[in-house]
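Me: Could you show me a structure and explain how its labels are earned? I would like to see each value set beside its rule.

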Amino acid sequence: MDAVETSVPEGLSVARDEVTADELKALGVDLERDFPGSSAADFRRYPVLSEGGWFTVVKHQKTLRSVSRERGPLLGPIVLTSDGLDVD
Amino acid sequence: MTSLKDLDDAQFTELYGADRFTASVLASRMRYIVQHMCTGLLNNAFSLILRDWYDFAATISGPPEQNYPMSSVSNSLAMFLGTMSEAVRNTIEEYGPENLVPGDVVICNDPYRAGNHVNDICFIRPVFHGGKLISFVTLRAHQLDMGGVVPAGFSGTKRNVYENGLVIAPMLLYRDDKPVKASFNLIFDNARFCALLLPDIKTIYQNLLLGEQLILESVERYGTAAYLGAIRYATDVSAESMSTALAALPDGVYEAQEGIDCDGVDDSIEYRIKLKITKAADRMELDFSGTSPQARTSINAGILDTKTAVGVALKFLIDPATPFTSGAYRPIDIVLPAGTFISATPPDGAVFLYWESTGPVLLAVFRALEKALGRKAVGGDYGSLNIHNANGVLADGTPWVTTAQCGGEHGPWGATEAGDADSYSVVYQANNLDPATEAVESELPAVVLRKEYAPDSCGAGENRGGAAVLKDTLYLTEAEHWSSPLHTKSASGVGVYGGQAGALGATWVFHPEYRNVPRDKDLIATTPDVYAGATPVAGMLDPETRTIDPDGEYFYFASTPVWHTKPNAVFRYLTNGGGGWGSPLQRSPERVCRDVRDEYVTIEGAYRDYGVVISGDPHGDPEGLKIDHDATTKRRAELAAR
């Protein structure tokens, strides 16, 4: 039976990094042409899981259009206890 | 982008290496192949979890240069399906595709690499044609035991991967179609019930050979280019279908929370999922930021299990008519921090009862999208598999174990626009069989005394949710029990489109000193008076009467981590009820009267929840019930004014 006070601990979050106008330009994005009315502040870089596994995306937050999707680590953010073990 | 239907013949052939008809035939044939593999396993399995529960799934994946697209899945345990495309990719990439040769079988059961739990071993067979690796056939099948501190493993009280069971990193089980003895030894020196595991594994191996043979027959007939094209075609169909379904939803940001009661250490922490869904055009992003950290015991799920729950929820809600492949995720991005209770990490984030944590993921998607879906919203199900795991020894010394046969594993679904919900199924993420009572009783010292519906437990609605299931099981020998009802504090049977939530469930044990069925030669009643002397296992209960009271006290499922019972103890499971759809005041009085006749709803419940006034004796004279239409009109007006 209920013995102690119940709490919900603070949750964990994924950070969404800012992207500069120069970085967008390097990705081939022309803001006026591709995202009229938007600025670099409307984009973020973060990891996602989708078809094909993990990717680091640079994504326009309002339309969810990715301007970059680079393949991420096989297991994403998971670190196995055997990672880094060198048996050679 | 041009729709698949709008491609002309030349474009189609260029894209998929075959004409449209051939690609369709091959895509269908791949679904036939995985189904045929499953039939072969079901018909020849020895252990109860495979034979009676259908706790396995088969898939076909494409080669590494295609990034392992999963082009077909069997009609079986959905909880496996979303994990298996990553399971194949992660296993083979770690093992090294260049190290594979014809005649291999590679295995992996690590929840962090391959999803699900350690008992669910992935058996992966590379398929070669003309010396070239062209595909993989995979069977994932639950092994009755995989070591750890709990026989058969089903427990929410194991604290880390070391207590949880044997973890198998990617390794060979067969080479040149011969068993790798070291791998078998590793399993059989760590697992219980190996006399059942060995023939099951041999059956699995034979069905991998069947899948390989059927693929090679297809390739011989249609050619490698057509086969590989059909893999791409099957996943492209799924991707387009999901995109089209997403485009039909209104754009917006939709949020919801869901959770489970606690973990297996104490009841001081509730675990909460926070979900923010952003939907724009034909794309969707699901962000789980803000979700509670991983639990201290084995109620956690892995990242790939959460991916499955998202896929199942979206297929269920918006794209149910087309086959599921890995392509269904193409327009969907999942944002999920590591180290939450739905994305646990080793070694402390033990993953075993993963469906208990990803069930709320699915319900959170249901809740979040309710307004976007409108009439298409679907009510919640009973939310927890309430799995019961018990073991003991027969008089002659033979050990016995029961897994997921005698708890509250089957229960109701939520209502939809189409009609009332079923009351006896498995949770939305499963797609399994119900173990036959005769099979249970022929192999175990257990007697299933009751399987019946609880009146007034359905979420009321124009279409009502399914009824909660009440199940009593008598254990004839001494036994140890692990009980895992993890969703009893709040309703999982979410009501939608104006429907009401289903009732709360609970679990009790009746010790033989209080109620003794063989001695009393009678079943234990279901009236409120019988619970005062029962021992609560889990639920929101009145502390005196020990009957269900949503405003009562929470009784904690692991207050006794292992329930030791003497002969003739009875466990009673009552599942949650399913959610209703639409306003109960819109349900026709005649349909409510039929529910009273069938004892889904009582006369009092009809008045309270539906505003329908009925007289008569539902049990003694069910066809003599009468509706008072004038009184019903008056009562419904009162309820509508509230």
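Reply: Here are some answers about how chain A and chain B meet. This is a predicted model, in which local features need pLDDT of at least 70 and side-chain atom pairs count only at pLDDT 80 or more, while totals for chains, interfaces and linings use all residues. Residues are numbered from 1 along each chain as its sequence is written, chains are lettered from A and ligands numbered from 1 in the order in which they are written, and side-chain values use heavy atoms, with hydrogens and water left out.

Me: Why is the pair Asp333(B) and Lys59(A) called a salt bridge?

Reply: The term asks for a side-chain nitrogen of Lys or Arg within 4 Å of a carboxyl oxygen of Asp or Glu. Here the N to O distance is 2.6 Å, so the pair fits the rule. Across the interface of chain A and chain B, six salt bridges are found.

Me: What makes residues count as part of the contact, and how many does each chain give?

Reply: Contact means heavy atoms within 4.5 Å. Chain A gives 40 residues and chain B gives 52.

Me: How do you know how much area is buried between chain A and chain B?

Reply: Buried area is the accessible area (1.4 Å probe) that two parts lose on being put together, summed over both. For chain A and chain B that comes to about 3,600 Å², with 58% of it on carbon and sulfur atoms.
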